[in-house]
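Hi,

Here is the structure I said I would pass on. Have a look at it first, and then read on for what turned up.

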Amino acid sequence: MAGHILLSLCKAVVALGAAAAGSAAASAASVEIAADPRGHFVTMAEIEHASLKVIVDTGASFVALSYEDAEEAGLRPRNLTFDVTISTANGQVEAARVMLARVEIGNLLVRDVEAIVLPKGAFDGTLLGMSFLNKLSRFAVEHGRLQLRD
């Protein structure tokens, strides 16, 4: 009888564990982005509630917003201090540091992301760099698809 109760208890624990693992997997946010024909991972992101086209770039240290995208996101770049020297493909420029309250791709939401705003005309678009990616539990490229997981 005691063996039967122990076996039933073990089955219940296994069932609870499986249910908890299933609910954890269901609650974990993840996004998959297919590479474009050039091999870039381009998607739409909500940055500070503005919908912006972004390129996910593991070679960028920070999220880097163009002046124009920063304006669209409500970051008021005209009021920022451009005092951070960074190297770009076009040489060195002075950028401004900002903290993004939220960056969202699909059901994946990341809060408090360090970013830089580039001066007007220095870059066209936004790069989601390592300051965003390092806040994820996992990111990987498999079979031409970028997988992001919180």
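Strand 9 and strand 10 run antiparallel to each other and are paired over five bridges. Arg-138 sits across from Arg-149 of strand 10, if you want a spot to start from. Keep in mind as you look that this is a predicted model.

Strand 10 (residues 145-149) also pairs with strand 1, again in the antiparallel sense and over five bridges. There, Ala-34 stands opposite Arg-145 of strand 10. Put together, that gives an open sheet of three strands in the order 1-10-9, with antiparallel pairing. Strand 1 and strand 9 (138-142) are at the edges with a single partner strand each, so one side of each has no neighbour in the sheet. On average, neighbouring strands here are turned by 15° against each other, direction ignored.

Strand 1 (residues 30-34) has two distinct faces: Val-31 and Ile-33 are on the covered one, while Ser-30, Glu-32 and Ala-34 are on the uncovered one. In a regular strand, side chains alternate between the two faces of the sheet. You can follow that kind of alternation along strand 2 (residues 41-47) too. Phe-41, Thr-43, Ala-45 and Ile-47 point to one face and are buried, whereas Val-42, Met-44 and Glu-46 point to the other and are not.

Who are the partners of strand 2? One is strand 3 (residues 50-56), paired with strand 2 in the antiparallel sense over seven bridges. These two form a hairpin with two residues between them, and Glu-48 in the turn has a positive phi of about 55°. Ile-47 has Ala-50 in strand 3 as its bridge partner. Strand 2 also pairs with strand 6 (residues 91-105), antiparallel and over two bridges, and there Glu-46 has Glu-104 as its bridge partner.

Next, have a look at Thr-126, which is in strand 8 (residues 126-128). Is Thr-126 buried or exposed? Its relative accessibility is 2%, and buried means under 20%, so Thr-126 counts as buried. Its side chain makes a polar contact of 2.7 Å with the side chain of Asp-69. Leaving out residues up to four places away in sequence, Thr-126 touches a list of residues that includes Ile-47, Leu-52, Val-54, Val-63, Leu-65 and Asp-69. Ile-47 is the residue you met above on the buried face of strand 2.

Then there are the aromatics: the structure holds one aromatic pair. The ring centres of Tyr-67 and Phe-82 are 6.4 Å apart and the planes are at 25°, so this pair is stacked. Tyr-67 belongs to helix 2 (residues 67-72) and Phe-82 to the loop between helix 2 and strand 5 (84-88), so the pair ties together parts that are 15 residues apart in sequence. Tyr-67 is buried, at a relative accessible area of 11%, while Phe-82, at 25%, counts as partly exposed.

Finally, the overall picture. The protein has three helices and ten strands, and along the sequence they follow the pattern α-β-β-β-β-α-β-β-β-β-α-β-β. Of its 150 residues, 35% are buried. Among contacts with a separation of 6 or more, 56% are between residues 24 or more positions apart. The exposed area is about 8800 Å², with 55% of it supplied by carbon and sulfur atoms.

Cheers

Technical notes. Residues numbered from 1 in each chain as written. Predicted model: local features only at pLDDT ≥ 70, side-chain atom pairs only at ≥ 80, totals over all residues. Heavy atoms only, no water. Helix = DSSP H or I, 4+ residues; strand = E, 2+ residues; numbered from the N terminus. Buried < 20%, exposed > 50% of the residue type's maximum accessible area, 1.4 Å probe, protein only. Contact = heavy atoms within 4.5 Å. Areas by Shrake-Rupley, 256 points an atom, 1.4 Å probe, with all protein chains shown as cover. Pairing = 2+ DSSP bridges. Axes fitted to C-alpha atoms, helices over the stretch in contact; angles between N-to-C directions. Polar contact = N/O pair within 3.5 Å; in protein donor to acceptor, adjacent residues only side chain to side chain. Phe/Tyr/Trp six-rings, centres within 6.5 Å; stacked < 30°, edge-to-face > 60°.
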